[in-house]
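Here are two short exercises to work through with the structure open beside you. Try each task before you read its solution.

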Amino acid sequence: MKKYLSRAIGVAAFVFLFNSTGFAQFSLGLQGGLAKSNIEDSKTIAGGGINLRVFTSPQFAFGIAGKIYADGSDYNFAGQKLTTTGTLTPLTVTGDYYLLQGLIRPYIGGDAGMYFSKYDAKFNGNTIIESSKHSNFGAAPRAGIVFVFGNLGVQVEGIYHFVFGNADHSATTDSAGNIDFSSTSNFGGVNVGVIFGLGGK
């Protein structure tokens, strides 16, 4: 996980340095949100995170993001109950394009990077699997609106995550060649947050 985070930080730092002599503005975003998996009997996913951006122009922003979600599912069959609980942690690079300037700023964007997950499983209240860890490549298109108050923005967005399986069915992606694009775990939701520092201000 540290390897992928270091790479993401390196990309963001490069973008920042590349644009340091021209238009560049640093931005910090904090988010919280709810999502729902496509898996039957899944729980509502709740979480939040942080986004560090550099506005390379009033319309474009690039950065890195880290989020953590509480995840899990309940399965009932023949009077028995299987419950999974865990966390899903995306560490991604991000890009945003703001369609308008002014007090209301609609935008489209996307995230791409590694989704780290950890799950425990209980059968009728008894733990049967503990600390099952996985890493998968994922991507998430986004669209939303920022309401601008000076250099502060209030953000509302819709997001949909595509988490791809690993081709060799291992718990770790290891390389781009080990991504199974025919096997995905999808979940969509709504995020609300604040942004400190807006490009073009």
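## Exercise 1: the largest pocket

Strand 3 (60-77), strand 4 (80-98), strand 5 (104-123), strand 6 (126-149), strand 7 (152-166) and strand 8 (179-196) each supply at least two residues of the lining of the largest pocket. Keep in mind that this is a predicted model.

**Task.** Work out which strand gives the most to the lining of the largest pocket, and how its residues divide into nonpolar, polar and charged.

**Solution.**

Step 1. Begin with the space itself: the largest pocket holds about 590 Å³.

Step 2. Next, go round the wall. The lining has 26 residues, and those nearest the pocket centre are Ile39, Asp71, Ser117, Tyr119 and Ser185.

Step 3. Look at what each strand brings. Strand 5 is the top contributor, with 5 residues in the lining.

Step 4. Sort the lining by residue class: 13 are polar, 11 nonpolar and 2 charged.

## Exercise 2: following Val54

**Task.** Find which residue in strand 3 is the bridge partner of Val54, and which residue stands opposite Val54 on the strand 1 side.

**Solution.**

Step 1. Start with strand 1 (residues 25-37) and strand 2 (residues 44-55), which are antiparallel and joined by 12 bridges. Across this pairing, Val54 in strand 2 faces Phe26.

Step 2. Move on to the next pairing. Strand 2 also runs antiparallel to strand 3, with 10 bridges between them, and a hairpin of 4 residues connects the two.

Step 3. Cross over to strand 3, where Phe62 is the bridge partner of Val54.

Step 4. Put the two together: Val54 has Phe26 opposite it and Phe62 as its partner in strand 3.

Note on methods
Residues are numbered from 1 along each chain as its sequence is written. This is a predicted model: local features need pLDDT of at least 70, side-chain atom pairs count only at pLDDT 80 or more; totals for chains, interfaces and linings use all residues. Side-chain values use heavy atoms; hydrogens and water are left out. On a 1 Å grid over the protein atoms alone, a cavity is a set of points where a 1.4 Å probe fits but cannot get out, and a pocket is an open set with protein on both sides within 12 Å along at least five of seven lines; lining residues have an atom within 4 Å of a point. Grid points are joined across faces, edges and corners, and a volume is the space filled by probe spheres set on the points. Ala, Val, Leu, Ile, Met, Phe, Trp, Tyr, Cys and Pro count as nonpolar, Asp, Glu, Lys and Arg as charged, and the others, Gly among them, as polar. Two strands pair if DSSP finds at least two bridges between them.
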